[in-house]
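Me: Please take a close look at one place in this chain, and then follow the account outward to the pockets, the cavities and the salt bridges.

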Amino acid sequence: MSALPKAFLAESLGRIQPSPTIAVSQKARDLKAAGRDVIGLGAGEPDFDTPDNIKEAAIAAIRRGETKYTAVEGIPELRKAVAAKFKRENGLDYTPAQTFVAPGGKMIVYTALLATLNPGDEVIVPAPYWVSYPDIALLGGAKPVIVDMKLEDGFRLTPQALERAITPKTKWLIFNQPSNPTGACYTREQLKALTDVLLRHPQVWILTDDMYEHLVYGGFKFHTVAQVEPRLYERTLTMNGVSKAYAMTGWRIGYCAGPEPLIKAMAKLQSQSVSSASSVSQWASVEALNGPQDFIPKFQKIFEERRDLVVSMLNQAHGIECPKPEGAFYVYPSVRKLIGKKAPSGKTIASDEDFAAELLDGEGVAVVHGAAFGLSPFFRISYATSTEILEEACKRIQRFCGNLR
Ligand SMILES: Cc1ncc(COP(=O)(O)O)c(C=O)c1O
């Protein structure tokens with residue numbers, strides 16, 4: 001197969017990388033298919049099945065013939081359910097006309113940014129970040145401004161760092177909590193300190209990615225930006241989705257709410273791209289949002305137990321420091337003390353990428369290196385897998401670290 005001539009490809013494509021988390025999951029699958037004993041801890045999706053009431057709603061929708069094109073912004077029933085969700089769970093008043101549905105949360109970020117960015121615009125992305133934010137900003141011709149968050153600050157953005165990053169060219173702050181990849185969350189007071197900074201800079205819009213809202217532990221109370229500071233309502237896009245909370249990653253539904261002119265601009269772009277999200281998945285999502293929510297605490301309890309297990313076992317691994325996050329299903333341990341050590345293969349571990357590669361090679365455990373999320377030397381583990389598998393994976397990590405010289 002001959003390569004395409006460079007001039008044939010879009011210049012924008014040269015600015016971005018394929019998603020590294022998808023790449024790690026694929027590599028783990030390939031190794032498994034080749035007969036290797038591999039534990040994949042790279043994938044960011046719940047291992048639970050979609051609840052039955054949601055599946056039944058989709059089947060009923062198919063039987064009713066809800067299989068045609070839908071309105072670009074989403075079916076009215078889902079937009080109403082989204083508005084009701086924001087009122088019920090976040091105390092936010094949005095009309096259905098202020099809501100928008102897309103094929104996945106990723107497509108919400110993509111559509112919002114592509115509908116608003118121009119060359120020269122800056123997008124603040126706190127690091128470590130979800131891998132797609134900087135690349136989507138780059139596709140939009142904007143400059144991602146990466147702001148490092150520190151382990152000592154619990155991987156939280158500080159008001160000082162935010163203030164320093166803002167310029168007259170800043171168009172968006174992309175804000176995500178519970179965080180992928182660290183699991184970090186913000187208390188109301190911590191959020192307020194950030195919104196106080198944002199109030200002073202009226203040119204900055206906030207895209208808050210609340211995808212993991214329901215996955216918080218130990219009684220942590222989730223708050224979102226526009227709820228904490230109503231004066232930011234007019235320049236906040238509150239984004240969420242069914243993928244993580246309802247174990248619906250393959251259904252591809254994300255949603256958001258914000259000022260109507262922005263929603264209209266996003267609809268214009270979506271009308272010339274994917275047209276709409278899938279009709280059947282939208283009906284399933286109506287049931288997810290309006291139906292019983294009693295499995296959420298059950299998911300939470302299981303994830304909390306796994307988090308505690310993983311944090312405890314990783315902190316017993318030689319040279320690893322693993323903070324205990326409040327949410328999502330990730331941990332982001334530091335391998336600072338292991339840099340410079342030699343693996344049994346003879347290779348020196350010079351970076352978190354080397355650490356992940358040697359761990360996969362030596363012990364068959366697939367994790368994602370911190371550089372993929374913009375902050376080294378760390379790695380991310382997704383604990384959305386069974387306790388038995390997690391125990392085995394952590395034992396292998398302990399053995400691997402114990403064998404480094
Ligand atoms: C922080 C964050 N936002 C958005 C998404 C995208 O979700 P979806 O699968 O609905 O596109 C993910 C998925 O991994 C995520 O981790």
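Reply: Leu-9 has its place in the segment before helix H1 (11–14), where helices (H or I, at least four residues) and strands (E, at least two) are DSSP runs numbered from the N terminus. The model is a predicted one, in which local features need pLDDT of at least 70 and side-chain atom pairs pLDDT 80 or more, while totals for chains, interfaces and linings use all residues. Residues are numbered from 1 along each chain as its sequence is written, and side-chain values use heavy atoms, with hydrogens and water left out.

With a relative accessible area of 38%, Leu-9 is partly exposed, a class that lies between buried (under 20%) and exposed (over 50%), using a 1.4 Å probe and protein chains only. Together with Leu-4, Phe-8 and Leu-13, Leu-9 forms a nonpolar patch on the surface, and the four have about 420 Å² of accessible area together. Such a patch joins Val, Leu, Ile, Met, Phe, Trp or Tyr side chains within 5 Å (like charges within 9 Å), from residues with over 30% relative accessible area and no salt bridge, the areas coming from the Shrake-Rupley method with a 1.4 Å probe.

Turning to the pockets, the largest has a volume of about 590 Å³. It is lined by 28 residues, of which Ile-22, Gly-44, Lys-106, Trp-130 and Lys-244 are the closest to its centre. Helix H2 (20–33), helix H5 (105–114) and helix H6 (132–139) are the elements that give two or more residues to this lining, and the largest share, 4 residues, comes from H2. The second largest pocket has a volume of about 340 Å³, and among its 19 lining residues the closest to the centre are Lys-32, Gly-40, Leu-41, Ala-43 and Thr-385. Here the elements giving two or more residues are H2 and strand E1 (39–40), with H2 again providing the largest share, 5 residues. On a 1 Å grid over the protein atoms alone, a pocket is an open set of points with protein on both sides within 12 Å along at least five of seven lines, a cavity is a set where a 1.4 Å probe fits but cannot get out, and lining residues have an atom within 4 Å of a point; volumes are the space filled by probe spheres set on the points.

The structure also holds 2 cavities of 30 Å³ or more. The largest cavity, with a volume of about 110 Å³, is lined by 14 residues, and Pro-126, Pro-128, Met-149, Phe-175 and Asn-176 lie nearest its centre. Strand E5 (residues 170–176) gives the most to that lining, with 3 residues. The second largest cavity has about 40 Å³ of space, and its lining includes Leu-173, Phe-175 and Thr-195. E5 and helix H8 (188–199) each give two or more residues to it, the largest share, 4 residues, coming from H8.

Strand E5 also takes part in a salt bridge (a side-chain nitrogen of Lys or Arg within 4 Å of a carboxyl oxygen of Asp or Glu). Lys-171 pairs in this way with Asp-121, the closest N and O atoms being 2.8 Å apart; Lys-171 lies in E5 and Asp-121 in the loop between H5 and strand E3 (122–127), so the pair ties together parts that are 50 residues apart in sequence. Lys-171 is partly exposed at 23% relative accessibility, whereas Asp-121 counts as buried at 13%. In the whole structure, 23 salt bridges are found.
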